[in-house]
Amino acid sequence: ALDMILEKMKSSGFNFSQVRALSGAGQQHGSVYWKRGSIQNLKNASSKLPLHQSLKDCFSVSNSPIWMDSSTASQCSALEKAVGGAQHLASITGSRAYERFTGNQIAKIYSQNPEAYRQTERISLVSSFAASLFLGAYAPIDYSDGSGMNLLHIWEKVWSAPCLDACAPGLEEKLGCPVPSHSVLGSISPYYTQRYGFSPDCKIVAFTGDNPASLAGMRLQEGDIAISLGTSDTLFLWIQEPTPALEGHILCNPVDCQTYMALLCFKNGSLMREIIRDDCASGSWDEFSKALSSTVAGNNGNLGI
């Protein structure tokens, strides 16, 4: 997909040499498992080949678990028990154990496919995976996206040893050291300078998760609240002194490492809207939009969340 996008930009005449830096966002909670020795393939990818050909043998787990995977209930229960309960886990990592969170997904892979785990030399989130493609090296996980794993100590900005130990052995080495979300990781890989004409001085800034990126992109400040109606519905805000609870999530703020981001997530949000669309607008988003447009702004004071 990345190659296709860049090829389209190249054929449209985009001047890649003018790009001074790039960063990005990835859907939260997905994880990618790099096989031992893959760093060489990543580093030495031939600019004459598309990425998927250079990297096709680089993964120890062929199907990456994503946020929709809810099959890790037993791992969640074990993690909470190992650290002294759900509230204590939330106090460390910002959230009680959630099935989609990466630590529990890793624990399941270790439990059910220990050989694949043994063959893994690095585990990326979707965001740090995408950054790795541009960097030509394993990109670190940033604090903000890393807070959605049930593994990061959100106060000290390091991996929590009890959480790591509860999930899988030798996990810290496979995750690498987390970094601030605005870290400059290095210069772009020669693959992109040779294939697309990027400047070798183009910098890669740490990628982050889609929800933290929304907070940064909407330029939220303390006291602001944003609601995002996506595949999941989320409500999030900038917060100074959080008190993690059993509901909702506390993430490290991607803009300011000393502050936090509070998040409520409802992963069936789009399903609910689609039911209303089907009931009220004959299954058509165009009809749905017309109905909204024909209603007075504010809906006569009727508001529901």
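1. Before anything else, a word on what counts as paired here: two strands pair if DSSP finds at least two bridges between them. Keep in mind, too, that this is a predicted model. With that in hand, look at β8, where Val205 is the bridge partner of Val184. The strands involved are β7 and β8 (residues 203-205), which run antiparallel to each other over 3 bridges.

2. Now the sheet around that pair. It is an open one of 3 strands, in the order β1-β8-β7, and its pairing is mixed. The edges are taken by β1 (21-22) and β7 (184-187), each of which pairs on one side only. Helix α8 (residues 126-135) packs on this sheet and touches β1, β7 and β8. If you want to check the geometry, the direction of α8 makes about 30 degrees with that of β7.

3. A bit more on α8, since I'd spend some time there. The helix is mostly covered, with 7 of its 10 residues buried. Those buried residues are Ser127, Ser128, Ala131, Ser132, Leu133, Phe134 and Leu135. As a reminder, an α-helix has 3.6 residues a turn, so residues three or four places apart point the same way. Just past the end of α8, take a look at Gly136, which has a positive phi of about 70 degrees.

4. Is Thr208 buried or exposed? Thr208 counts as buried because its relative accessible area is 8%, and the cut-off for buried is under 20%. This residue sits in strand β9 (residues 208-209). What does Thr208 touch, leaving aside its neighbours within four places in sequence? Its contacts are Gly24, Ala25, Gly26, Ser127, Asp142, Ser144, Asp145, Ser181 and Ala213. One of these, Ser127, is also on the list of buried residues of α8.

5. On to the other sheet, also open, with 4 strands in the order β10-β11-β13-β12 and antiparallel pairing. At the edges stand β10 and β12 (249-252); each has a single partner strand, so one side of each is left without a neighbour in the sheet. From one strand to the next, the twist averages 25 degrees. Helix α13 (residues 210-217) packs on this sheet, touching β11, β12 and β13. The direction of α13 makes about 55 degrees with that of β11.

6. Some detail on the pairings within that sheet. Strands β10 (residues 225-229) and β11 (residues 233-239) are antiparallel, with 5 bridges, and they form a hairpin with 3 residues in between. Across this hairpin, Ile225 has Leu237 in β11 as its bridge partner. On to β11 and β13 (residues 260-266), which pair in the antiparallel sense over 7 bridges. There, Thr234 finds its bridge partner in Cys265 of β13.

7. Last, a surface point about β10, the strand that holds Ile225. Why is Ile225 classed as exposed? The call is made because its relative accessible area is 56%, and exposed means over 50%. Together, Ile225, Ile227 and Leu229 make a nonpolar surface patch of about 320 Å². For context, in a regular strand the side chains alternate between the two faces of the sheet. I'd keep this patch in view next to the earlier point that β10 is an edge strand with a single partner.

Key:
Residues are numbered from 1 along each chain as its sequence is written. This is a predicted model: local features need pLDDT of at least 70, side-chain atom pairs count only at pLDDT 80 or more; totals for chains, interfaces and linings use all residues. Side-chain values use heavy atoms; hydrogens and water are left out. Helices (H or I, at least four residues) and strands (E, at least two) are DSSP runs, numbered from the N terminus. Contact means heavy atoms within 4.5 Å. Axes are lines fitted to C-alpha atoms, for helices over the stretch in contact, and angles run from 0 to 180 degrees between N-to-C directions. Patches are made of residues with over 30% relative accessible area and no salt bridge: like charges are joined within 9 Å, nonpolar side chains (Val, Leu, Ile, Met, Phe, Trp, Tyr) within 5 Å. Accessible areas come from the Shrake-Rupley method with a 1.4 Å probe; for residues, only the protein chains shown count as cover. A salt bridge is a side-chain nitrogen of Lys or Arg within 4 Å of a carboxyl oxygen of Asp or Glu. Buried means under 20% relative accessible area, exposed over 50%, partly exposed in between (1.4 Å probe, protein chains only).
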